[in-house]
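Q: Could you take me closely through the open sheet of this protein, strand by strand, and then place it within the rest of the chain? I would like to know how the strands are ordered, what lies across them, and how far the model can be trusted.

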Amino acid sequence: MENKEIFNTVVTLIARQPWVADKVSALSHMLYDECKCIRSREMLIKIISEFLYLSKEEYSLKLENIVKEVMGEEGVAETAQIVAMAADASSDSSHEILYRLKFIFVKEGWLNFPGVASFGSAFKRCKKTGRKNIIVVDDFVGSGQTVVSRYSELVRVFTQGGIEDFSIKFKVVVSTKYGLKHVRDAGIDITAQCEIDKAIDDCFPSELAEEYRSLMLALEAGLSQDYEGTELPSLGYGGVQAAYCREETNSPNSVFPIFWWPIDRALKLRPTILHRALGDG
């Protein structure tokens, strides 16, 4: 492959997605060392070109919009608690969003911000304060499975605990349209500031999408299929084919693993344009 072609490809991508400018080495490795055919390379270029990328500034604006949504509901300051989607105290994106929302809510006048660090603590907080309108927050929803399971568990605990007239809503920054449909089909109230398509199935004609899925699976075959008990989430966790990243943050596992899975089939480290701690599942 001529250096001129590589240069032109990378420059064109940077013009479309400036965030890849400091990832040229990893990008070139993926496109020109790991891609064994032109079609695979074309597919990855198209997917990267349409990535939803949120800068720190854009993310802050999305959080402010969530606060406006919540504060726009009558009586919320007296009856609601803001709950992280996290199951426990382990590092989680929902802890970050809860912490950042705290500042924005206080700035907007909600001085006694009732933040709860894990969804499992919401019932205890309700019993203590009487706040039974639960607003669960998180950064990203992929398949929607976690939202449905959190909702079911909250309903079970509150019902068995004798709490009446409670409500549960979910508010996230970004969600796949697939995940939103799954959650809403379960009768759950959820809003997202940004909605993204499946980056293959929803973005290309069916015949081309079928070819691209096969090409992506072939690329994934060059990666280790698991790492210390964490399985490679083929086509993104739940097969949701997410093309999303946020500036300087852990990649969701719903994103195609070719962009962030750090171990190749030979069990060697590979350069990646995105990053994720594999201990996060």
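A: What follows starts with the sheet, moves to the helices and a loop beside it, and ends with the chain as a whole.

The model is a predicted one, and the protein averages a pLDDT of 92, with 96% of the residues scoring at least 70. Confidence is lowest in helix H1 (residues 3–16), where the mean is 80, and highest in helix H10 (residues 206–220), where it reaches 98.

The sheet is open and is built from 5 strands, which follow one another in the order E3-E2-E4-E5-E6 with parallel pairing. Strand E3 (115–116) and strand E6 (189–196) are the edge strands, and because each has a single partner strand, one side of each is left without a neighbour in the sheet. As a general point, strands of a sheet pair through backbone hydrogen bonds, in either a parallel or an antiparallel manner.

Within that order, strand E4 can be followed on both of its sides. Strand E2 (residues 80–84) pairs with strand E4 (residues 133–141) in the parallel sense, and 5 bridges make up this pairing. Two of the partnerships can be named: Ala80 has Asn133 of E4 as its bridge partner, and Gln81 has Ile134 of E4. On the other side, E4 and E5 also run parallel and are joined by 8 bridges, and here Val141 stands opposite Ser175 in E5.

The burial of these two strands can be read from the counts of their residues. In E4, 8 of the 9 residues are buried, so this strand is largely enclosed by the rest of the structure. In E5, the count is 8 of the 10 residues, so E5 too is largely enclosed by the rest of the structure. In general, the side chains of a regular strand alternate between the two faces of the sheet.

Part of what lies against the sheet is helical. Helix H6 (residues 93–107) lies across E2, E3, E4 and strand E5 (167–176), and its direction makes an angle of about 120° with E4. Helix H9 (residues 177–185) lies across E4, E5 and E6, and runs at about 170° to E6.

The connection that leads from the sheet to one of these helices deserves a separate look, since Asp88 is found in the loop between E2 and H6. With a relative accessibility of 42%, Asp88 counts as partly exposed, a class that lies between buried, under 20%, and exposed, over 50%. Once its neighbours within four places in sequence are set aside, Asp88 is in contact with His95, Ala117 and Ser118. Asp88 and Ser121 are 33 residues apart in sequence, while their C-alpha atoms are 9.1 Å apart in space.

Two residues beyond the sheet invite a check of their backbone angles. In general, most residues other than glycine have a negative phi. Glu248, however, has a positive phi near 55° without being a glycine; this residue is found in the segment after strand E9 (244–246), and at 65% relative accessibility Glu248 counts as exposed. Leu267 likewise is not a glycine and has a positive phi, of about 65°. Leu267 is placed in the segment after E9, and its relative accessibility of 63% makes it count as exposed.

Set in the whole chain, the sheet belongs to a protein with 10 helices and 9 strands. The radius of gyration is 21 Å, close to the 19 Å that the globule rule gives for 281 residues, so the protein is as compact as a globular protein of that length. The C-alpha trace spans about 65 × 35 × 35 Å along its principal axes. Buried residues make up 47% of the 281 residues, and the protein exposes about 13,900 Å², of which carbon and sulfur atoms supply 51%. Among the contacts with a separation of 6 or more, 68% are between residues 24 or more positions apart.

Technical notes:
Residues are numbered from 1 along each chain as its sequence is written. Side-chain values use heavy atoms; hydrogens and water are left out. Two strands pair if DSSP finds at least two bridges between them. Helices (H or I, at least four residues) and strands (E, at least two) are DSSP runs, numbered from the N terminus. Contact means heavy atoms within 4.5 Å. Axes are lines fitted to C-alpha atoms, for helices over the stretch in contact, and angles run from 0 to 180 degrees between N-to-C directions. The radius of gyration is taken over C-alpha atoms; the globule rule is 2.2 Å times the number of residues to the power 0.38. Buried means under 20% relative accessible area, exposed over 50%, partly exposed in between (1.4 Å probe, protein chains only). Accessible areas come from the Shrake-Rupley method with a 1.4 Å probe; for residues, only the protein chains shown count as cover. pLDDT is the predictor's confidence in each residue, from 0 to 100.
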